[in-house]
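Here is a set of worked exercises to try with the structure open beside you. Have a go at each task before reading its solution.

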Amino acid sequence: MKISFKDDYSEGCHPNILQRMTETNLIQTAEGNYGEDRFTANAKKLIHKHLQNPESEIHLVSGGTQANLLVVSAMLRPHEAVIAVNYGHIATHETGAIEATGHKVITVDTKDGKIQVPQIEEVLKEHYFEHMVLPRMVYISNTTELGTLYTKKELVELRAFCDQNNLLLFMDGARLGSALTSSANDITLKDLAQLTDVFYIGGTKNGALLGEAIVINNPLLQPYFRYHAKQKGALLAKGRLLGIQFEVLFTDGLFFEIGLAMNEKAMKLAAGIKEKGYSFWLPPTTNQIFPIFENKIIAELEKDYIFHRWAKINDNQTAIRLVTSWATPEENMVNFLKKI
Ligand SMILES: Cc1ncc(COP(=O)(O)O)c(C=O)c1O
């Protein structure tokens with residue numbers, strides 16, 4: 001069996017989650033289902049401690065694509081569009097889920113996965129009258145699809161620009177655990193509760209079986225979100241499944257412990273690769289790293305390992321993507337380095 005460095009969700013869930021699921025299995029949620037159970041209530045309380053924004057409203061949903069399409073479609077009017085970078089998950093790997101809700105995704109090019117204010121300015125200039133869609137939301141992801149991070153300064157600048165231009169700022173946090181625990185990070189959940197209109201905290205790629213916690217900070221965007229979620233099939237009857245998982249993730253800092261573990265594993269792998277004289281497409285800072293190898297070495301590695309060939313560098317070299325998870329065993333990294 002090949003070893004996978006393809007993603008951070010190829011294992012089940014953190015054992016604490018499974019244990020809590022078993023312990024609570026026969027408890028009846030007589031107080032309510034569809035996210036109105038005691039576990040979800042407690043999970044929200046625990047997350048709120050980090051947000052420190054009493055206005056923020058939390059909704060637990062099952063996946064990233066679902067979170068993205070729910071947020072975009074609930075918060076935009078029919079003629080409004082969302083701006084994203086060309087690598088943005090909503091623009092590449094969601095099968096047109098956003099467009100299927102009627103909203104155009106306007107993309108701008110990026111080299112590092114991040115969007116810059118001048119690029120948004122350019123889009124606004126291009127979309128100036130009612131014969132075109134109206135850009136109304138900026139979608140960013142942290143970590144980005146290229147494993148890079150937004151700094152607090154960049155976020156503050158984006159927020160200010162969005163405020164000046166009547167734009168909503170939405171952060172996809174499918175990999176927020178890795179972002180917040182990177183040694184290069186200077187952002188907290190509290191910052192995100194202040195600086196974004198809406199963001200989500202990814203569970204699926206951070207030790208949960210499944211689940212994302214959408215945090216709506218802008219009170220104007222909150223009304224009837226549960227109606228919207230229900231209509232889109234996102235209100236799980238057994239909402240406890242999500243509640244229990246986020247309860248465990250936000251008990252004793254497990255969410256951050258998991259993020260840190262996956263980053264440390266990636267940094268170890270990166271250091272070993274560097275030591276052997278290879279370079280990287282982008283500087284490694286989180287749990288997605290992009291070393292550059294000659295194609296013949298990649299072909300050899302592919303006999304034992306699964307990963308994405310990410311970007312062609314030249315005729316002989318390609319950047320591959322290696323992703324570590326909280327559960328990646330040490331020996332997988334050691335053996336990979338030996339094989340190189
Ligand atoms: C940044 C980002 N957002 C959203 C998603 C979508 O998540 P899901 O596969 O749970 O729909 C992914 C999945 O890879 C992702 O990397």
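Helices and strands here are DSSP runs numbered from the N terminus, with at least four residues for a helix (H or I) and at least two for a strand (E). Keep in mind that this is a predicted model.

**Exercise 1: Backbone geometry**

Task: Find where T143 lies, and describe the peptide bond that joins N142 and T143. Then look at phi of T95 and of N166.

Solution.
- Step 1. Place T143: this residue is in the loop between β5 (134-141) and α7 (152-164).
- Step 2. Check omega: the bond joining N142 and T143 is cis, with omega about 0 degrees.
- Step 3. Turn to T95, in the loop between α4 (89-92) and α5 (97-100). T95 is not a glycine, yet its phi is positive, about 50 degrees. The relative accessible area of T95 is 80%, so T95 is exposed.
- Step 4. Go on to N166, in the loop between α7 and β6 (168-172). Phi of N166 is also positive, near 55 degrees, in a residue other than glycine. With 53% relative accessibility, N166 counts as exposed.

**Exercise 2: Aromatic pairs**

Task: State how many aromatic pairs the structure holds, and work out how the rings of F250 and F255 are arranged and how those of Y278 and F293 are arranged.

Solution.
- Step 1. Count: there are 13 aromatic pairs in the structure.
- Step 2. Take F250 and F255, whose ring centres are 4.9 Å apart with 20 degrees between the planes. Planes under 30 degrees apart count as stacked, and this pair is stacked.
- Step 3. Check burial, for which the cut-off is under 20% relative accessible area. F250 has 6% and is buried; F255 has 0% and is buried as well.
- Step 4. Compare the angle for Y278 and F293: the ring centres are 4.8 Å apart and the planes stand at 70 degrees, so this pair is edge-to-face.
- Step 5. Trace this pair along the chain. Y278 is in the loop between α12 (254-275) and β9 (288-289), while F293 is in strand β10 (residues 292-294); the two are 15 residues apart, and the pair links distant parts of the chain.
- Step 6. Apply the burial cut-off again: Y278 is buried at 18%, and F293 is buried at 0%.
- Step 7. Look for a cluster: ring pairs link F5, Y305 and F336 into one.
- Step 8. Finish with a charge over a ring: K114 lies over the face of Y150, 5.8 Å from the ring centre.

**Exercise 3: The ligand and its surroundings**

Task: Which residues surround the ligand, and how much of its accessible area does the protein cover?

Solution.
- Step 1. List the surroundings: G63, G64, T65, N68, H89, E94, E145, D172, A174, R175, Y200 and K205.
- Step 2. Pick out polar distances to ligand oxygen atoms. For H89, a side-chain N or O atom is 3.3 Å from a ligand oxygen atom. For R175, the corresponding distance is 3.2 Å. For K205, a polar side-chain atom is 3.1 Å from a ligand oxygen atom.
- Step 3. Read off the cover: on its own the ligand has 390 Å² of accessible area, and the protein covers 81% of this.

**Exercise 4: Helices α2 and α11**

Task: Is T40 buried or exposed, and why is helix α11 described as largely enclosed?

Solution.
- Step 1. Start with T40, in helix α2. T40 has a relative accessible area of 3%, so T40 is buried.
- Step 2. Leave aside neighbours within four places in sequence: T40 is then in contact with G35, L60, G239, R240 and G243.
- Step 3. Move to H48, also found in helix α2 (residues 38-51). At 25% relative accessible area, H48 is partly exposed.
- Step 4. Find what H48 touches, not counting residues up to four places away in sequence: N53, P54, S56 and I58. H48 and L189 are 141 residues apart in sequence, and their C-alpha atoms are 9.4 Å apart in space.
- Step 5. Now take helix α11 (residues 240-249): 9 of its 10 residues are buried, so the helix is largely enclosed by the rest of the structure.
- Step 6. Name the buried residues of α11: R240, L242, G243, I244, Q245, F246, E247, V248 and L249.
- Step 7. See what these buried residues pack against: α1 (15-23), α2, β2 (57-61), β7 (198-202), β8 (212-216) and α12.

How values were computed. Residues numbered from 1 in each chain as written. Heavy atoms only, no water. Phe/Tyr/Trp six-rings, centres within 6.5 Å; stacked < 30°, edge-to-face > 60°. Buried < 20%, exposed > 50% of the residue type's maximum accessible area, 1.4 Å probe, protein only. Lys NZ or Arg CZ within 6 Å of the ring centre and 35° of its normal. Near = heavy atom within 4 Å. Polar contact = N/O pair within 3.5 Å; in protein donor to acceptor, adjacent residues only side chain to side chain. Areas by Shrake-Rupley, 256 points an atom, 1.4 Å probe, with all protein chains shown as cover. Contact = heavy atoms within 4.5 Å.
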